[in-house]
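Open the model in your viewer and keep the selection panel at hand. This tour goes stop by stop.

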Amino acid sequence: MKAVIYCRVSTKEQAEKGYSLEGQEDACRKFAAQQGFEVDRIFMERGESAKTQDRTELKNLAQYCALNKKKISVLIIWKYDRLARNLADQTDLLKVFGTLGIRILSVTENNEDTAVGKMIRNIIGTFAQFENDVKSERTTNGMRQAIQQGRWCWRAPFGYKQSRDLNNKPLITPAEDSKHVIKAFQLFETGLHRQIEIVQKLRKAGVKKANPNFMNRLLTNPLYAGLIECKWFPGYINAIHEPIITQDTFFKAQQLLTGKKVSLMPRGRNHPDFPLRRFMRCPKCDGKLTGAWSTGRNKKKYAHYHCFTKGCSYNVRKAVLESAFFEYLKSFQPRPDILNLFEKIVIDVWKAQQSEQIKEELRVEKELKALQEKQNRIDKLMIEGTFSEEAYKRNSEDLKNQILMKQIELNEVKIDLNDVEACLNYCKFFVSNLAQLWASSEVDLRQRFQSLVFPDKIYYEKGTFRTTGTALIFKQLAAKSPEELNLVAPTGFEPVFDG
Ligand SMILES: [Zn+2]
């Protein structure tokens with residue numbers, strides 16, 4: 001009678017005596033000789049974990065047995081759990097070999113094909129499974145505990161590296177790359193850069209893997225702010241690793257990501273030395289000022305703004321005009337109490353207007369549905385052959401665009417209170433840091449700021465500014481006392497976002 005032998009060890013067992021593949025093979029061969037079987041073939045599974053489903057040799061064994069069931073009488077294994085660690089799998093395998101008429105004999109366990117024998121096999125299988133479960137539970141519990149203590153136990157994200165603390169426990173620490181993470185958040189939190197622009201900046205700085213997906217993962221990862229978010233626990237857990245950005249920055253970024261789009265995009269290139277060029281007007285002739293460098297008598301270079309009109313001599317030093325403008329912007333930064341009151345009023349009005357908004361949402365939804373139905377009809381005509389391919393293309397492309405636009409519109413009317421709050425928070429940040437934002441920005445942004453606050457004409461003469469129009473919000477927020485803040489319908493915050 002012929003026998004096949006199947007041996008398998010997990011990596012861990014290999015180190016232990018008597019568990020080695022060779023040891024198993026030896027024991028199986030001896031067992032076969034004792035029982036009077038001739039060994040036909042040996043299947044050896046090398047270095048696989050108990051959990052690995054993909055056991056090639058076991059598959060080969062099953063295939064071989066199916067093809068040679070007539071000549072094979074028994075399958076010899078060292079222990080039942082060699083076949084499968086999971087009770088259900090083991091029972092299935094026993095059944096498979098049972099239907100082939102091949103008996104399975106374990107070298108180290110009871111082989112009685114009696115009720116008791118079967119039960120013992122079941123119990124062995126159960127224990128093998130129990131052991132497996134305990135192992136994975138131990139790992140999970142360990143991780144849970146680590147997370148609860150604020151220890152991140154998975155891979156370190158970009159900007160961090162894996163290291164160990166004094167007790168040799170895993171700890172992530174800021175890596176060289178962290179400067180790129182900081183830069184990305186700094187740029188993003190201003191609300192003035194699109195993610196794709198930040199991606200480009202990072203790529204330029206040598207972060208090859210930067211792409212929109214990468215950027216989104218980066219900006220939404222609370223680990224950078226020293227917070228752990230994990231499905232096992234609600235909310236955030238304070239992490240023990242060193243944060244590389246503040247929580248304030250992180251949450252500001254989240255508001256920008258989830259709130260209404262509030263970023264202001266560039267319109268064109270401008271001379272970096274003269275942000276007020278073509279913005280300030282000549283108080284004498286109303287012409288737009290331009291900027292230039294010139295060399296003085298002492299050969300020192302100095303910059304100034306001057307009127308472009310022929311014959312007009314208006315001229316002001318760059319340093320003088322810009323620092324005066326900075327101070328002027330500062331005067332538009334509202335008092336905190338005014339700002340808080342403004343926020344309350346806006347939210348109240350918003351709540352009152354909610355019913356209007358719902359109506360609007362329903363209208364857009366209805367229109368979208370109508371467009372989609374139209375698309376369905378066209379598709380049907382195409383399928384029926386009523387439409388030529390060309391006619392279909394012509395009709396369908398336009399319709400698809402319309403549907404897309406409608407979907408965007410719907411997204412835009414669907415603003416919930418959180419969005420409004422996010423929006424307001426950004427607005428507050430913007431108006432209270434107006435001058436600093438202007439001073440620290442690049443020229444394109446500066447120009448957009450300027451025209452946002454002063455959408456109309458602005459003049460500088462004899463140390464003071466004169467304007468023909470200031471954005472509504474700044475007029476309203478310039479109130480000297482809460483009583484002065486007379487807002488009936490505070491639509492004034494909109495220009496900030498539309499700009
Ligand atoms: Zn002039």
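**Stop 1: two facing residues**

Select Met 280 and Ile 458. Met 280 stands opposite Ile 458, which belongs to strand E13. Keep in mind that this is a predicted model.

Now widen the selection to the strands. Strand E9 takes in residues 280–281, and it pairs with E13 in the parallel sense over 2 bridges.

**Stop 2: the two faces of E13**

Select residues 458–461, which make up E13. Which residues lie on the covered face of E13, and which on the uncovered one? Ile 458 and Tyr 460 form the covered face. Tyr 459 and Glu 461 form the uncovered one.

**Stop 3: a hairpin**

Add residues 464–467, strand E14. E13 and E14 run antiparallel and are joined by 4 bridges. Look at Glu 461: it stands opposite Thr 464 in E14. Together E13 and E14 form a hairpin, with 2 residues between them. Click on Lys 462 in the turn; its phi is positive, about 50°.

**Stop 4: a sheet of three strands**

Move to the open sheet with the order E10-E11-E12. Its pairing is antiparallel. Why is one side of E10 and of E12 left without a neighbour in the sheet? Strand E10 (289–295) and strand E12 (315–317) stand at the edges, and each has a single partner strand, so one side of each stays free of a neighbour in the sheet. On average, neighbouring strands here are turned by 35° against each other, direction ignored.

Select strand E11, residues 301–307. E11 pairs with E12 in the antiparallel sense over 3 bridges. Tyr 305 has Val 316 in E12 as its bridge partner.

Next, show residues 318–330, helix H10. H10 lies across E10, E11 and E12, and runs at about 75° to E12.

**Stop 5: a sheet of four strands**

Go to the open sheet with the order E2-E1-E3-E4. This sheet has parallel pairing. Which strands are at its edges? They are strand E2 (38–45) and strand E4 (103–106), each pairing on one side only. Neighbouring strands of this sheet are turned by 25° against each other on average, direction ignored.

Select residues 2–8 for strand E1. E1 and E2 pair in the parallel sense over 7 bridges. Find Ile 5 and look across: Ile 42 in E2 stands opposite.

**Stop 6: helices across that sheet**

Add helix H2, residues 21–35. H2 lies across E1, E2 and strand E3 (72–77), running at about 160° to E1. Then add H3, which also lies across E1, E2 and E3. H3 runs at about 150° to E2.

**Stop 7: around H3**

Zoom in on H3, residues 56–67. This helix has 12 residues and reaches 17 Å from its first C-alpha to its last, close to the 16 Å expected. Colour Leu 58, Leu 61 and Cys 65: these residues of H3 are buried. They cover an arc of only 55° around the axis, which puts them on the same side of H3. Now turn the helix around. The face turned away from the buried side carries the exposed residues Thr 56, Lys 59, Gln 63 and Leu 67.

**Last stop: the whole chain**

Zoom out. The protein chain has 17 helices and 14 strands. Of its 499 residues, 24% are buried. Finally, consider contacts between residues at least 6 apart in sequence: 60% of them join residues at least 24 apart.

Terms used: Residues numbered from 1 in each chain as written. Predicted model: local features only at pLDDT ≥ 70, side-chain atom pairs only at ≥ 80, totals over all residues. Expected span 1.5 Å × (residues − 1). Buried ≥ 20, exposed ≤ 12 C-beta atoms within 10 Å, placed from the backbone. Arc of directions from axis to C-beta. Pairing = 2+ DSSP bridges. Axes fitted to C-alpha atoms, helices over the stretch in contact; angles between N-to-C directions. Contact = placed C-beta atoms within 7 Å.
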